[in-house]
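The report that follows considers how helices pack, how charged side chains pair and where selected loop residues lie. The sequence and the structure are shown first.

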Amino acid sequence: MSDPTIGLLRDLIAIDSVNPSLVSGGAGEREIAEAVAREMHAIGMDVEVTEVATGRPNVVGTLEGRAPGRSLMFCGHLDTVSVAGMASPFDPIVRDGRLYGRGSADMKGGVAAMIGAARSLASSGGLESGRLIVAAVVDEEYASIGAEALVSRWHADAAVVTEPTDLVVAIGHKGFSWIEVTTKGRAAHGSRPQEGLDAILRMGRLLSRLERLDRKLQARPAHPVLGTPSLHGSLIAGGRELSTYPDCCVLQMERRTISGETADVALSEIEEILAALRLEDSDFQGDARLMFNRPPYETPAGHELPQLLESAVLSIGHPANRAGMTYWTDAAILGHGGIPSVIFGPGGEGYHGLEEYVRVNEVLACRDALTILARKFCV
Ligand SMILES: [Zn+2]
């Protein structure tokens, strides 16, 4: 495989960059960031490496045009989810046009494509005008401290986040809220029902209301780009031992949000259910708290970026499709930080699964479309 973009992708897959906040003992992004910085230097970019947390550096490479003009940012994350259960996560094997390995699709393929685009530009005379910023950030799979640090230091007139979209031009995605709900009971010997209060059965009351709420949310008219909200229970724990009434049960759940919903929509829905349950039974005790919230994102209506990218995709012989994505990305942080963004990258299968691959031809097509986009946008 002599193509430098695919060569780089193989090198990136071979480097363990499991997110250490997500998976304790994870290798982190230091080694992969060094590889990315080396590649950017070799291309002739100006490179800035900024430690966001200990051993976790963002890498930003810039390619200056010969005249002033607009700036375009490409952004991708360097971290991956866990490799537990995978046969050979760091062994980049090509089979039937697919390149396998942890992070191949999510999203070292996109990272290789955006750096490959910078290489194509630099080796064909550079940018006539404007500025290309290529940002490889840490920690997208956990708390996005990389993207947060990036928007606090860098600005661009538009951005492409190269998460896997199967080369669909994605103009938005849902947000999410994580909520923790606790129900309280009273511990007592299992043989003494008049003394015990069962926190787990009380959580059951809440769970059945949640299921009803989820059906209602998904029955709403779908937002044209983002679809409908939804929720699911994620983790649950409670009880002490078999022969004891459980005094506490804790549920952690996720609510996916769409634009038009407020940041506290999920919490207020749960609080409404808890209030209703208290009204039905004065012994019912439960409370909820918001653990984490990320807003949804939509590319500003009428922005030229999706259109320009679609024509770039068409010009390399691929169909141009526009849609929303379901999963959250750093595009929300860039977008809400003042950089209008789309999501566009090479697809595959097995994101967060046991067998992950990216389609090699899509990595190359993504690189070529991004190269054309940069020339068109940076004027
Ligand atoms: Zn990702």
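Which residues are linked in a network of salt bridges? The model is a predicted one, and in it Arg-220, Arg-255, Glu-261 and Glu-269 form such a network.

**Salt bridges**

The count of salt bridges comes to 24. Within the network named above, Glu-261 is paired with Arg-255, and the closest N and O atoms of the two are 2.8 Å apart. Arg-255 has a relative accessible area of 1% and is therefore buried. Glu-261 is likewise classed as buried, its relative accessible area being 19%, since the cut-off for that class is under 20%.

Two further pairs may be set beside this one. Glu-362 and Arg-359 form a salt bridge in which the closest N and O atoms are 2.8 Å apart. Glu-362 counts as buried, at 10% relative accessibility, whereas Arg-359 is partly exposed, with a relative accessible area of 22%. Glu-195 and Arg-192 are joined through their side chains by a salt bridge of 3.5 Å, N to O. Glu-195 is partly exposed, with a relative accessible area of 38%, and Arg-192 is also partly exposed, at 43% relative accessibility.

**Helix packing**

Two packed helices are described by the angle between their axes and the distance between the axes. The table gives these values for three pairs.

| Helix pair | Angle between axes | Distance between axes |
|---|---|---|
| α5 (residues 199-218) and α6 (residues 265-280) | about 135° | 11 Å |
| α3 (residues 104-123) and α9 (residues 360-377) | about 45° | 8 Å |
| α1 (residues 4-14) and α9 | about 120° | 10 Å |

*Helices α5 and α6.* With an angle of about 135°, α5 and α6 are oblique to each other, because the angle lies outside the ranges for roughly parallel (under 35 degrees), roughly perpendicular (65 to 115) and roughly antiparallel (over 145). The crossing in which α5 passes α6 is right-handed. On the α5 side the contact is made by Arg-205, Leu-206, Arg-209, Leu-210, Leu-213 and Leu-217. On the α6 side the contributors are Glu-269, Ile-270, Ile-273, Leu-274, Ala-276, Leu-277 and Glu-280. By class, the residues of this contact are nine nonpolar, no polar and four charged. Glu-269, one of the α6 residues in the contact, is also a member of the salt-bridge network.

*Helices α3 and α9.* These helices pack at an angle of about 45°, and α3 is therefore oblique to α9. Their crossing is right-handed. From α3, Gly-109, Ala-113, Met-114, Gly-116, Ala-117, Ser-120 and Leu-121 take part. From α9, their partners are Val-363, Cys-366, Arg-367, Leu-370, Thr-371, Ala-374 and Arg-375. The contact comprises eight nonpolar, four polar and two charged residues. How many of the 20 residues of α3 are buried? The number is 16, and α3 is accordingly described as mostly covered. After α3 comes Gly-125, which has a positive phi near 100°.

*Helices α1 and α9.* Helix α9 also packs with α1, at an angle of about 120°, and α1 is therefore oblique to α9. This crossing, too, is right-handed. Thr-5, Ile-6 and Leu-9 of α1 meet Val-360, Val-363, Leu-364 and Arg-367 of α9. The classes here are five nonpolar, one polar and one charged. Val-363 and Arg-367 of α9 thus take part in the contact with α1 and in that with α3.

**Two loop residues**

Thr-80 is located in the loop between β3 (67-77) and β4 (94-95). Is Thr-80 buried or exposed? Thr-80 counts as buried, because its relative accessibility is 2%. Apart from neighbours within four places in sequence, the contacts of Thr-80 are Ser-17, Val-18, Asn-19, Arg-102, Gly-103, Lys-108 and Glu-141.

Asn-321 belongs to the loop between α7 (304-315) and β14 (322-325). With 42% relative accessibility, Asn-321 counts as partly exposed. Beyond neighbours within four places in sequence, Asn-321 is in contact with Val-168 and Val-169. The C-alpha atom of Asn-321 is separated by 8.4 Å from that of Ala-170, a residue 151 positions away along the chain.

Key. Residues numbered from 1 in each chain as written. Predicted model: local features only at pLDDT ≥ 70, side-chain atom pairs only at ≥ 80, totals over all residues. Heavy atoms only, no water. Axes fitted to C-alpha atoms, helices over the stretch in contact; angles between N-to-C directions. Helix = DSSP H or I, 4+ residues; strand = E, 2+ residues; numbered from the N terminus. Left-handed = near helix turned anticlockwise from the far one by under 90°. Contact = heavy atoms within 4.5 Å. Nonpolar A, V, L, I, M, F, W, Y, C, P; charged D, E, K, R; others polar. Salt bridge = Lys/Arg side-chain N within 4 Å of Asp/Glu carboxyl O. Buried < 20%, exposed > 50% of the residue type's maximum accessible area, 1.4 Å probe, protein only.
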